[in-house]
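User: I'd like to go over the cysteines in this model and hear the reasoning behind each label. Can you take me through it?

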Amino acid sequence: MHYYRYENAEVSCCYKYLLFSYNIIFWLAGAAFIAIGFWAWSEKGVLLDLTQVTRSHGFDPVWLVLVVGGVTFILGFAGCVGALRENICLLKFFTVVIGFIFLLELTAAVLAFVFKDPLKKWINDFFLTNVKAYRDDIDLQNLIDSLQRLNQCCGAKNPNDWDENMYFNCTPENLSRERCGVPFSCCITGPRKDSVVNTQCGYDTRAPPANWSSQIFTKGCIVALEEWLPRNIYIVAGVFIGISLLQMVGIYLARTLIGDIEKVNFRY
């Protein structure tokens, strides 16, 4: 009777637990994103009245948090369980989805570079759509305010874009106190930043005779974005490369672990 000794008959613990550690972070992060998303919806009463989801005319940032959290959670789960249980199906699912996301990112980057003008028009229309819904969603409102304050801009192209909003337009039919105004995030603040924000500083700023330059930002946010991107191109490229490297590391670890499992299964 002959006895055969199999070398390396076990899956590499190094790759196995590296992949598990890699994915547990994303699994927990995904769970946190989902929890934050549902908490935000509960604060707005969406969970008590789900029809609010379909009635919203603007972009709800919670959707982005939930989608990112859901994808991250599923991938983290597949990677963790696939590594611990040495499940080839889950590991292949993890690899394929990560690879697909990488290709989507690459395609989006190329299309954004090639089709600059259509992209600019789409961003402009998207911003105006959300200007109309500014008062409809508190999260959207905070997002627009943060964007305008950080970039010192107002509206998509100029402050008159706020005529698209029913509360800020200058039509005679508008009886709102905010008529012919802009949100407080458009206001130019002094050198000393007060702890108390004057939320009424934008009232009547566009009413004739209007002196915009001394009261509010006159630059549109699309122009501000066009100016910001060239100044920070290395940061944007660094973030993209960093995310891509993380994805490549995940694919490499999963493919190596799959190879080890298949070798062990073949020998037995």
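Analyst: Sure. A disulfide here is a pair of cysteine sulfur atoms within 2.5 Å. Keep in mind that this is a predicted model.

User: What makes Cys-153 and Cys-221 a disulfide?

Analyst: Their sulfur atoms sit 2.1 Å apart, and the cut-off is within 2.5 Å, so the pair counts as a disulfide. The link is right-handed, with 85° about the S-S bond. Cys-153 is in the loop between α6 (138-151) and α7 (212-215) and Cys-221 is in helix α8, so the bond ties together parts 68 residues apart in sequence.

User: Why is the disulfide of Cys-187 and Cys-201 called right-handed?

Analyst: Because the torsion about its S-S bond is about 105°. The S to S distance for this pair is 2.1 Å.

User: Is Cys-187 buried or exposed, and what about Cys-201?

Analyst: Buried means under 20% relative accessible area. Cys-187 has 7%, so Cys-187 is buried. Cys-201 has 24%, which lies between the 20% and 50% limits, so Cys-201 is partly exposed.

User: Why does Cys-13 have no bond to Cys-14?

Analyst: The closest cysteine sulfur to that of Cys-13 is in Cys-14, at 8.9 Å, so the two are too far apart for a bond. Cys-13 has 48% relative accessibility, so Cys-13 counts as partly exposed.

User: And why is Cys-89 called exposed?

Analyst: Exposed means over 50%, and Cys-89 comes in at 62%, so Cys-89 counts as exposed.

User: How many disulfides are there by this rule?

Analyst: Four. Counting bonded cysteines along the chain, the pattern is 1-8, 2-5, 3-4, 6-7.

Methods:
Residues numbered from 1 in each chain as written. Predicted model: local features only at pLDDT ≥ 70, side-chain atom pairs only at ≥ 80, totals over all residues. Heavy atoms only, no water. Helix = DSSP H or I, 4+ residues; strand = E, 2+ residues; numbered from the N terminus. Buried < 20%, exposed > 50% of the residue type's maximum accessible area, 1.4 Å probe, protein only.
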